[in-house]
Amino acid sequence: MAERANSKTGDAERDVRDPALTFVGRALDQVADHLDGIDRQAMEMVLLMHRVTNAVVYDLESTVHRPAGWSWSAFRAVFTLWVSGELEPSKLAEQSGMSRQAVSALAKTLEVDRLIQRDAVSGDGRSVSLSLTTEGRDQIERIFRQHNEREQRWASILTGDERTTLTALLNKLADASQQPWVSHRF
């Protein structure tokens, strides 16, 4: 049985696998049936990376962030401001991996919720900067502890050596993402 998160009852043992993850094997077989010359290993790596990332994000959002009243996007924005300090909206978008439009809409909500404040940039009447309020800082510190406890649950599945190897491989892919042939949002 695979251990799965159940947001209504806490963690529970279930023998139901995530359909998005079980789809990977079927996709590999079906694509090979339809097209010759496909690099099955590359396809499996990218598809699994994407699907596992989605599973982890959904788990964190449903067990930590939604119960705290936050969306995943709200967490990303507040976390980025917590780590980086005061930022202009365009810089927040770049550092959080969100679009400028998403940050603009989200900033309004986070300001109403008193988690961030918007201040005019001196010398430029049109520019603003965003920063955490005291309440925003208190909330991210509380919620991040829960977030990190959940990260620890995910990481505990791997040995220390496996974590080191996986982190090194992900850093290698992150470095590759800076190559000129890679399409970038910004």
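**Figure 1. Close-up of Ser 127, a buried residue of the predicted model.** The relative accessible area of Ser 127 is 18%; because residues under 20% are classed as buried, Ser 127 falls within that class. Ser 127 belongs to strand E4, which covers residues 124-132. Leaving aside residues up to four places away in sequence, Ser 127 touches Asp 119, Ala 120 and Val 121. The view also includes Pro 89, which lies 38 residues from Ser 127 along the chain. The C-alpha atoms of Ser 127 and Pro 89 are 9.0 Å apart.

**Figure 2. Close-up of the aromatic cluster that includes Trp 72 and Phe 75.** The count of aromatic pairs is 5. One of them joins Trp 72 and Phe 75, with ring centres 5.4 Å apart and planes at 40° to each other. This pair is classed as tilted, because the tilted class holds the pairs that are neither under 30 degrees nor over 60. Trp 72 and Phe 75 are 3 residues apart in helix H3 (residues 72-84), so about one helical turn separates them. Both Trp 72 and Phe 75 are buried. Ring pairs connect these two residues with Phe 79, Trp 82 and Phe 144 in a cluster.

**Figure 3. Close-up of Arg 150 and its polar contact with Asp 59.** Arg 150 is located in helix H6, formed by residues 134-155. The side chain of Arg 150 makes a polar contact with the side chain of Asp 59, at 2.8 Å. Arg 150 has a relative accessibility of 13% and therefore counts as buried.

Methods:
Residues numbered from 1 in each chain as written. Predicted model: local features only at pLDDT ≥ 70, side-chain atom pairs only at ≥ 80, totals over all residues. Heavy atoms only, no water. Phe/Tyr/Trp six-rings, centres within 6.5 Å; stacked < 30°, edge-to-face > 60°. Helix = DSSP H or I, 4+ residues; strand = E, 2+ residues; numbered from the N terminus. Buried < 20%, exposed > 50% of the residue type's maximum accessible area, 1.4 Å probe, protein only. Contact = heavy atoms within 4.5 Å. Polar contact = N/O pair within 3.5 Å; in protein donor to acceptor, adjacent residues only side chain to side chain.
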